[in-house]
Every structure is written in structure tokens, then in C-alpha cells.
Amino acid sequence: MPTILYPDTRFLGGAEADRAGAGDGIELATFDATRREQIADEVWRAADAVVLGIGLTITADVVERLDNCKIIIRMGVGYDNIDIRAAARRGIPVANVPDYGTTDIADTAMALLLNFTRGVSAYDNALRRDVVANWHVSHAPVIRRTKGMPVGVIGLGRIGTASALRLKAFDLPVHFYDPYVSNGTELALGLTRHQSVASLLGAVEAVTIHAFLNDETRGLIDAAAVAAMRPGTILVNTARGPICDLDAIHDGLKSGRIAAAGLDVLPDEPPDPNHRLIAAWRDDEDWIRGRLVLLPHAAFYSAQSLWDIRFKAAETARLMLTEGRLRNCVNGELLKEAGFGR
């Protein structure tokens, strides 16, 4: 009987979705590990498939132990916690689940943007401090008219496109940067395309990030990027934390170059509470009040998305193990380079 190994079941969800996706005749081996050593070598070596959450990294050292593995599946869109090159060298395809939370994440990005332009959390927090004295419109430091505000999208994949369509529905001019989408995408969707991040940032009043984390995007929003922004730009990140440099965001907020930041993801999760940006937010310092909103990497979260992510990951494993059918492969070119011809 083939076995699907779940090495890090701390990821939210439940066994019902896993079992439904895997179907009958497949065994599920579940662990709550954060390091390879917490799972015996013989378990790694016997696994027919690995379904990975966010609690563990599949390094080359782990891949070397996957003697029987036919596929590695990342329970999510991003796969930066898997060494896809090492997997390709051993002929192991890596797949993701690209369609589990598209609408949830796009909705969250839109909600964070509207939160600032309409002052929702700023007013709520002010009234909580003093419902009588603060009963006044002046307690939302970023509030502005949303209609007509140019917004930039970095990364026009599934989630970026869903976000762009939502922005257009709110009558916002949408700009984007993504060097990997085909020419003419901007014409099909009615967007304005930019050839560099700096060009995009200089043209918009808000930007929402929907890019993968890789060598090109790590630290993409740094001090130079902040300097390229229009004064008073709103920044939203629901993609990956390391895309944004927290020191650059701190300095941008302090200077006013960034009017507000809505961050669902951070470079370290949970963050260091003593980092100067986090500390200023935690202490509700006057200069940052109402200008920073943090979420606990929750943009994807809903009961429906949790079912989808687990069911579809298990289903992808089942299709590979029982039918030899591969879907959502993210290292196909690397497999070809390694001579495995997928």
C-alpha cells in the first residue's frame, strides 16, 4: 500500500480532507516535525509521496533520503521551503496547490487597502481609547478617496490577477509589474504594464504584492524601492514576508514616504517583538498609530480554503501514485535539465 508522508501537520486543517483527497488504498503517515531528524530515516525512505505544510523545509539533505518518493507537494502556492533543484536531480517532481485560496488572499489584499483609505481600524482603535473624546473624523491618518487612485500590482499570477480585477471593480486604474506574463496581458485585462519595479512605484499611490519568493524577489521592497515610491504610498503584502525589508518599511513609514502598510506576512513568523517596527506598532507610538496593520499570515484562511488546500494536495498525490498523472508541477524544466524528460 503506497504511503503519503505528512511531516508537519501543524498546518491547519484536518485528516478528513486528507483522507477524502487520498481516497482508499493509500496510507497516511502524519508527524508534527520542524526538523528532518525528528522523523526516522526509514520513514523518509519508505514514503511514496510527501505533502509539506509550512513547519519544515525539504532541503537537499532530506531529498537524499527520499528513496521511494514519486512526488513532493507543497500545501500552498509558494514552494520556497523545498529545494526543487535537489528534487529534480533525483527525478522527483514538485507540485503546489495554486488554486486553494486565490479569492481569499485577493479579498484580504483589497480589505487591507480599503481599511486604510476608509480609516476602518484607525477609527475603531481611536474610539476604543476614548469613545467620547475621539468621536471625530480626524483619527484616520491615511484616509482618502479610493475612486481613481492608481494602484500597482507586483506579480500578476492567479492571485495578482484576481486582485487586479477587484481593484478595477472599485474604479481604480491598475498598473502591474511582472516580467513573466506574456505580452498582451495588459491589453486583455485593461491594465498598464511597467518594465521595472521603480517605474511602477513611481506611478501609483498604493501597491499590493503577489509575487513568489525567490532570488529575484527577496528584499525587493528595500530602501531603494521605498525611495522610488510616491510620498504617501500605501503598501500591502499578502505574498511572502522576505520580499519586504522591515527596516526599509520602518524608515519609509517614519519619513512619510510610506503612508501605511498592511502586512499579512513577515520575514520571520512570528516576528521578533523587539524589532523597531514591531515594537513601535506594539507600543502604539503616535507616529505609527493607524498606519500599520499586521495579520498572522492569515490572508489564505477560511474553512473552505483549508479543506481545498488539504484535499487538493492529497488528490495530487493520489493521481500521481495511482495513475501516474502529474499536475501543477513547478520544477518541470529542472527535471528536463536533469534528464528525466517531464
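Which residues make a nonpolar surface patch of about 390 Å²? The patch is formed by V131, V132 and W135. Patch members have over 30% relative accessible area and no salt bridge, and nonpolar side chains (Val, Leu, Ile, Met, Phe, Trp, Tyr) are joined within 5 Å. V131 sits in the loop between helix 6 (120–129) and strand 6 (151–154).

A word on the source: this is a predicted model, where local features need pLDDT of at least 70 and side-chain atom pairs count only at pLDDT 80 or more. Residues are numbered from 1 along each chain as its sequence is written.

Now to the sheet. It is open, has 5 strands in the order 2-1-3-4-5, and its pairing is parallel. Because strand 2 (27–30) and strand 5 (94–95) stand at the edges with a single partner strand each, one side of each has no neighbour in the sheet. Strands here are DSSP E runs of at least two residues, and helices are H or I runs of at least four; two strands pair if DSSP finds at least two bridges between them. Strand 1 (residues 3–6) and strand 3 (residues 49–52) pair over 2 bridges, and L5 has V50 in strand 3 as its bridge partner.

Two helices that pack on the sheet are set out here, with contact meaning heavy atoms within 4.5 Å and angles running from 0 to 180 degrees between N-to-C directions.

| Helix | Strands touched | Angle |
|---|---|---|
| Helix 1 (residues 15–22) | strand 1 and strand 2 | about 145° with strand 2 |
| Helix 13 (residues 303–323) | strand 1, strand 3, strand 4 (71–74) and strand 5 | about 165° with strand 4 |

A303 belongs to helix 13 and is exposed, with a relative accessible area of 59% (exposed means over 50%, with a 1.4 Å probe and protein chains only).

How values were computed. Side-chain values use heavy atoms; hydrogens and water are left out. Patches are made of residues with over 30% relative accessible area and no salt bridge: like charges are joined within 9 Å, nonpolar side chains (Val, Leu, Ile, Met, Phe, Trp, Tyr) within 5 Å. Accessible areas come from the Shrake-Rupley method with a 1.4 Å probe; for residues, only the protein chains shown count as cover. A salt bridge is a side-chain nitrogen of Lys or Arg within 4 Å of a carboxyl oxygen of Asp or Glu. Buried means under 20% relative accessible area, exposed over 50%, partly exposed in between (1.4 Å probe, protein chains only).
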